[in-house]
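Shall we read a protein model together, one feature at a time? You bring the questions, and I will try to answer each with the general idea and then the case.

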Amino acid sequence: MKLLVALACLVMAGAGWAQPAHELLSKPVDISLRGWNRVLLMRSGSTLLFHFEPSHLISVIAFDSAGKATATQDDHYRVLDRFSLVKPDIKGLFELNGEAVLFLDQELMTKHCLIRLRYSAASGRLIEEKLVAESKNANKRMEFYVMKNRHEDNYAIFFCTDLSHPRESDLYVVYFDELHNSSREVQLELDRKKFDFLKVLGAEADPKGILITLGLDKTKLYARPDHNSPIVEGGAVYDHFIKYFYLAKDSSGPATCMIDVSESVYPSIAWYTGNASVKGLNSVVHNSHAITYKYGLDNVSAEITSTLFVKIDEASMAAKFRTIKNSIANQFLKTQTDTSRYYTGIPVRMATEAHGITTLISRGVTEHQDQQSLSRYDASYTSTLAGITQLDEQGRELWGVVLPCNQAYQQMPLNSYSYHFNNLVTCRKGTDFFVIFNDYDENFNNSLRTPGYIINSFENTNAFCYKIDGSRQVTRQYVFGTPAKKEYRSCFTDAASFDEETGVYAALISYKKRGKVSIRMAWSQLSP
C-alpha cells in the first residue's frame, strides 16, 4: 500500500493512445547479466528480487516501499545444491503468512526433490530451508505441482508418478495450512492400465477449489511412418482423452469426469477458472502436435494447433467442449489489413469474471526454417500479433480483437540474455486486462495496417502496455513513463510481479541512457 504513495501522480490523456502510467525507478542493481530472476511484491509494500546465477548462491535483494534497496542476502544452503542451478525449476513463488515462500524442484542424489525456502519480507533473509518431498528412488521419479489460491494463505501440492512408469498409479494431493503443516491428503484413483501414456496438463487452485487436468493416450494403431506420404513423421495413432479431478473447497474427495477428444487432438496444456454465474468450471485446453512434411525436396517443420473450451457442471461433472476459432478476432484482422492469413494464437492467460464472461489472451507465433547450409537449418520465430477473445458461459465467442506486437528472435539457449525480453506479460485488475511487451518507440502509434519495424534486438526498446478495459476499449501506454530521447526501459518479462488489489506492477528492467546500461527495479501503477 505504501508504494502507491511513493509513485508519481501525473496522468496525461491522449487522443488515440493513453500516456504514461505512474512510475518509480530504483538505483542500479549489482547483479550479473547471467542467470535468471524472479520478483515478488509483498502486501507490506516491500519487493523482493531473486537472482539465480548458475553454480552460485541465490541472491535476494529487498526493496522498501520507496524503491530503495535495504538489504542483500547471499545465504548458504544445506539442502539446495547450488551447482545444479543452471536453470532453476521454480514450482511457485508466493506470499504466505507475511513471508516469501519459494518452491524449487531439483534432483539430489539421483532423486527428484521439492525444496521449500522461506524468506523474510523485510530483509530477504532465509528463515527456513526444508525438503518437502522426494521420489521413492531413482527409478520411480515424482513430479510436483504447487497450487495456491491467491485469496488465502494456504496451498496444496499435487504428486504424480513420472511418465516413465505409465502402468503405475500414484496420484495424490496434500493440503498445507498457513504454518506449512500438512492438514490432509486426498488420493486420486485412476486405472492406468487402460492407458499407455499420461501427461499432467494443468493443476490449479481457485477460490472454488482445485482442478487437476490429465491428458491420457491409448494406442489405437501401431504403425511405422509411410515414406510415400507427404507427412514425414507418421507412426502410431492414439486416442486422446482428458481426465478432470475436481476437489471442491472443504470436500472429502474428488469429483471426476473424462472426455474423448479424438485422435486428431493432442492436448498439451490447460488452464482453469471457476464460473460462479452458472455454478460451473471453465477449462481451456491448448493442443499442439509437431510434424515434418515434404516441401519439394526439403523436409519442413510445422505445428498443428487448436484450442478447446470445456464447460463442466460443478454438481454433475457433465462436460461439453467446443473449439475456439477466434472467428471475431480474425474478422477484425481481415477488415484492418489486406491479408488472407488466419490468426491462431497460443493462450497465455485465461480469466472468468463474476458475470460469466471468460477472457482469453493469446500470442501468435510463426516458426521459420532458415537454411544455413545444405544440411543445417536454424529456427527463427516471429510474434507479430496478440489476440483477445471473450466467450460466454457456453464458450461462444462474444468479442475479439487482434493487436500488433512485432517481435522476431532466433532459437537461442535458455541462458541467453535476450531470452528474458521476448515474451508477453499479462495482468488483470477487476475487469481491466494488461498486455505488456517490449517494442521500439517508432512503433508506439502504429496499427495493424502499419505495424512498423519487427524487433530483432531488445537493446533499444521500451516496455509498452495494451490496456483492455471492461467496456472493451483498447489503449496503449508506456509502462514506466514516457522516456526521454535515447532513453530505454526494457522489461524482463520473466521477472515481474503484479498486485491485483493495488494495480502496482513491479519488474526488473534494463535501463539505457546516453549509451550506458544498468539493471534496475521499476514500479508502475497500471490501474488506480
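What follows is a dialogue between a learner and a teacher about this predicted model.

Q: Let us begin with the overall make-up. How many helices and strands does the protein have?
A: Secondary structure is a good place to start. Here the protein comes to 2 helices and 32 strands.

Q: And what share of the residues is buried?
A: Burial is read from relative accessible area, with under 20% counting as buried. In this protein, 52% of the 528 residues are buried. The surface that the protein exposes is about 24,400 Å², and carbon and sulfur atoms supply 49% of that area.

Q: How do I read contacts against sequence separation, and what percentage join residues at least 24 apart?
A: Take the contacts between residues at least 6 apart in sequence as the reference set; 53% of them join residues at least 24 apart.

Q: Can you give me a single residue to practise on? Which residues does Val29 contact beyond its sequence neighbours?
A: Gladly. Val29 sits in the loop between strand S1 (22–25) and strand S2 (36–41). Setting aside neighbours within four places in sequence, Val29 is in contact with Leu49, Ile61, Phe63, Ile519, Arg520 and Met521. For one of these partners, Leu49, the C-alpha atoms are 10.0 Å apart, with the two positions 20 residues apart along the chain.

Q: Is Val29 buried or exposed, and why?
A: Val29 counts as buried because its relative accessibility is 11%.

Q: What would a residue within a strand look like by the same reading? What does Ile127 touch?
A: Ile127 lies in strand S9 (residues 126–134). Not counting residues up to four places away in sequence, Ile127 touches Glu99, Arg118, Tyr119 and Ser120. The C-alpha atoms of Ile127 and Ala100 are separated by 9.7 Å, and these two residues are 27 apart along the chain. Ile127 is classed as partly exposed because its relative accessible area is 36%.

Q: Now to backbone angles. Which value of phi does Asn97 have?
A: The sign of phi is what to look at, together with the residue type. Asn97 has a phi near 55°, a positive value in a residue other than glycine. Asn97 belongs to the loop between strand S6 (89–96) and strand S7 (99–108). With a relative accessible area of 42%, Asn97 is partly exposed.

Q: Where is Lys279, and what is its phi?
A: Lys279 is in the loop between strand S18 (267–275) and strand S19 (280–295). Its phi is positive, about 50°, although Lys279 is not a glycine. Lys279 is exposed, since its relative accessible area is 62%.

Q: How do I look for internal voids?
A: Rolling a probe the size of a water molecule over the atoms shows where empty space is left. A search of the whole structure finds 3 cavities of 30 Å³ or more.

Q: What is the volume of the second largest cavity, and which residues line it?
A: The second largest cavity has a volume of about 40 Å³. Its lining consists of Pro404, Cys405, Asn406, Phe437, Asp439, Asn443, Pro451, Tyr466 and Arg476. By type, the lining divides into 5 nonpolar, 2 polar and 2 charged residues.

Q: Which strands supply at least two residues of that lining?
A: Strand S25 (397–410) and strand S27 (432–439) each do. The largest share, 3 residues, comes from S25.

Q: Arg476 is in that list. Where is Arg476 found, and is Arg476 buried or exposed?
A: Arg476 is found in strand S29 (residues 474–478). Arg476 is buried, as its relative accessible area is 1%. Arg476 and Tyr466, another lining residue, are 10 residues apart in sequence and 4.6 Å apart in space, C-alpha to C-alpha.

Q: Last topic: how many disulfides are there?
A: The test is a pair of cysteine sulfur atoms within 2.5 Å. By this rule the count is 0 disulfides. Cys427 is in no disulfide, and the nearest cysteine sulfur, that of Cys465, is 7.5 Å away. Cys465 is likewise in no disulfide, with the sulfur of Cys427 as the nearest one.

Q: Are Cys427 and Cys465 buried or exposed?
A: Cys427 counts as buried because its relative accessibility is 4%. Cys465 counts as buried at 0%.

Technical notes. Residues numbered from 1 in each chain as written. Predicted model: local features only at pLDDT ≥ 70, side-chain atom pairs only at ≥ 80, totals over all residues. Heavy atoms only, no water. Buried < 20%, exposed > 50% of the residue type's maximum accessible area, 1.4 Å probe, protein only. Helix = DSSP H or I, 4+ residues; strand = E, 2+ residues; numbered from the N terminus. Contact = heavy atoms within 4.5 Å. Areas by Shrake-Rupley, 256 points an atom, 1.4 Å probe, with all protein chains shown as cover. 1 Å grid on protein atoms, 1.4 Å probe; cavity = no way out; pocket = protein on both sides within 12 Å on 5 of 7 lines; lining within 4 Å. Points joined across faces, edges and corners; volume = space filled by probe spheres on them. Nonpolar A, V, L, I, M, F, W, Y, C, P; charged D, E, K, R; others polar.
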